[in-house]
2 protein chains.
Amino acid sequence: MPRKINIAVLGATGLVGRTFLRILEERHFPVGELRALASERSEGKLVPFGAGEIPVHAVREDSFDGADFALIAVDDSVSREWAPKAARAGAVVVDKSGAWRMDPSVPLVVPEVNPDDAFEHDGIIAGPNCSTIQLVVALAPIHRVNPITRIIVDSYQAVSGTGSAAVEELKAQNRAIVKGEHYEIDVYPHQIALNVLPHIGSFSDNGYCSEEIKLVNETRKILHSPDMAISATTVRVPVEVGHSEAVHIELTHPMTAAEVRDLLRAAPGVAVVDDPSGSQYPLPLDAAGRDEVFVGRIRNDISHPHGIAMWIVSDNLRKGAALNAVQVAELLMARGALPSKQRG
Amino acid sequence: MPRKINIAVLGATGLVGRTFLRILEERHFPVGELRALASERSEGKLVPFGAGEIPVHAVREDSFDGADFALIAVDDSVSREWAPKAARAGAVVVDKSGAWRMDPSVPLVVPEVNPDDAFEHDGIIAGPNCSTIQLVVALAPIHRVNPITRIIVDSYQAVSGTGSAAVEELKAQNRAIVKGEHYEIDVYPHQIALNVLPHIGSFSDNGYCSEEIKLVNETRKILHSPDMAISATTVRVPVEVGHSEAVHIELTHPMTAAEVRDLLRAAPGVAVVDDPSGSQYPLPLDAAGRDEVFVGRIRNDISHPHGIAMWIVSDNLRKGAALNAVQVAELLMARGALPSKQRG
């Protein structure tokens, strides 16, 4: 019988942290000791796990002692502080923040796409940004047989990508609008209910926002294509869970939409939903709570001889965050690359 | 003193029809006799005009007698029946439906873009689809000095583009979700509240939907560029008024974002809102009720050496429909090309 794996979850009270706990349970992960960690102010809170609840502890220097994996979903600055400590304590860190993704010594891993990279870690493995994960899961199977030379992606991103305060803000605004009451604009710089905001993260001098730059840089790193031409406009929409992406790619050689569809039907982690005449295409409302990356509206792009257009949707909290991290842990375990404690 | 102009509005009870009446008044259009026309079932209804209301009449064979202009915003099939009758009665028809746009004998006109085409009419002038109008108003000034070779546009379209039943459905769904009640899904094939639908119109065999094909064909016709490469993914979002578009263009020669910004600042009908670091960019909520086509997020597209990316937003009922049609009438009047009754 395989031994139990000790897990520390840092950021356990957040949307992604809670999803870590749910997914560990759903997938019958062989959890030994489970530590739910967060900041001081969450000390003593309870978070759901299994049929019950477990207490949350404030993260401390010794919080990761004996942990096999540290699953981390916190702000970049918090991760910069704690991920190295967890790694030094012997845990393999799978980090969901943006702190480590572009560090050359840290692998950036989507198990369906670049599993081998996971084994090059030095204690920390990064998970990509939510909007990147669903893009590369859908595009890697195509890129492998017919290299993609350019990607244009415009996104429709759910508020849960920002966190639970944003979900509450959208709900509160919708509630107030229905009741004709005053409402606050706090999490986002503008009202998000009945609106769309072409702004995710902070802006660079080149006019791109940080979410767009993440899509570009992370996709290049994961696909081992440092020169791939990529552009994006990332947009927040009044949806709770589920990111959608309108994607236009250019391929090295022409390919039919039917060939792309067949490739994606056979691809791990992908579900093709593509009968537009029957009103069947991926929708964020359908993707919420599901594990797959859903792809539809697959068609030859009429603006380019080697172009393909498609529509990609996935649950940003699951495959876009927590699920991907748990799959990284499963990947290491499946190939016998158990955390350092075991290797020592 | 210029003579008064007799106007017949067909489809007067619809969202665009009501906006026709509001805009005629706002712009102090020299309205003589004003006839509000609709189908039989609207006979006797009242629609707002000026400080009061005017009665709606069922459209009949003699409804257009003596009218200088017929402003038409009805379903394609209804327009196919009545637009030719209105033209035969001597009115110049400005039609908002999709019935006539691609007819080679019918000019498709956006006054800021191709005003001269308006004078080639044979009784009927078509106004483009809402998503096309805002695109060409923003792109024509660039295309004139540096021909655009390819356009990719992904849209975020408000439910008012579908009509008043869709606005009511979005409101009813939001209300029911807030109250935890059951709700209907009727106008769209899926829930639109808290969701996005990559489906506007009906689908063709090539996988594109009719809204996307309109964007392609109408843009080519208006810009007199029958071979321009254009692709689109059109998406309905839970916004009441205001269509948004993420646009990526390729130009013949390189151009800086600053040059594009300067061009657009001087362009008729365009308002540049482009200070992303100050959270200033076009938003549908801000554009609703306004006449301009708002452009922001203007940047050199990092995926193409001659590429520009931008974000275009406009009120789909005003510039996207009613305002554009009234501007066509004003254009004919300003150049002395009054309707046939006067020319005879």
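## Helix α5 and the meeting of chains A and B

In α5(A), the buried residues are E211(A), E212(A), I213(A), K214(A), L215(A), V216(A), E218(A), T219(A), K221(A) and I222(A). This is a predicted model, so please read everything below in that light.

Let us stay with this helix for a moment. α5 of chain A covers residues 210–222, 13 in number. From first C-alpha to last, α5 of chain A reaches 18 Å, close to the 18 Å expected at 1.5 Å a residue. The helix is mostly covered, with 10 of its 13 residues buried. What do the buried residues of α5(A) pack against? Their partners in chain A are α3 (130–145), β8 (148–156) and β9 (229–233). After the helix comes H224(A), which has a positive phi, near 55 degrees.

Two of those partners also meet each other. β8(A) and β9(A) pair in the parallel sense, over 5 bridges. One of the pairings joins V153(A) to A232(A), the latter in β9(A). Strand β9(A) is largely enclosed by the rest of the structure, because 4 of its 5 residues are buried.

Now for a lysine in the other chain. K214(B) sits in helix α5 of chain B, residues 210–222. Is K214(B) buried or exposed? It counts as buried, because 23 C-beta neighbours lie inside 10 Å, and the cut-off for buried is 20 or more. Beyond its neighbours within four places in sequence, K214(B) is in contact with G98(B), N129(B) and T132(B). T132(B) is 82 residues away from K214(B) in sequence, yet their C-alpha atoms are 7.5 Å apart in space.

Finally, here is how the two chains come together. The contact involves 52 residues of chain B and 52 residues of chain A. On the chain B side, the elements that each supply at least two residues are β8 (148–156), α4 (164–179), β9 (229–233), β10 (243–251), α7 (284–287), β12 (293–300) and β13 (307–314). The table shows the make-up of that side.

| Residue class, side of chain B touching chain A | Number |
|---|---|
| Nonpolar | 29 residues |
| Polar | 16 residues |
| Charged | 7 residues |

A turn of 180 degrees with a shift of 0.0 Å along the axis lays chain B on chain A, at an RMSD of 0.0 Å. The two copies are therefore related as by a two-fold rotation axis. Of the interface residues of chain B, 100% are interface residues in chain A too, so the copies meet through the same surface.

Definitions and conventions
Residues are numbered from 1 along each chain as its sequence is written. Chains are lettered from A and ligands numbered from 1 in the order in which they are written. This is a predicted model: local features need pLDDT of at least 70, side-chain atom pairs count only at pLDDT 80 or more; totals for chains, interfaces and linings use all residues. Two residues are in contact if their C-beta atoms, placed from the backbone, lie within 7 Å. Ala, Val, Leu, Ile, Met, Phe, Trp, Tyr, Cys and Pro count as nonpolar, Asp, Glu, Lys and Arg as charged, and the others, Gly among them, as polar. Copies are superposed by least squares on the C-alpha atoms of residues with pLDDT of at least 70 in both. The expected span of a helix is 1.5 Å times one less than its number of residues. A residue is buried if 20 or more other C-beta atoms lie within 10 Å of its own, exposed if 12 or fewer, and partly exposed in between; C-beta atoms are placed from the backbone. Two strands pair if DSSP finds at least two bridges between them.
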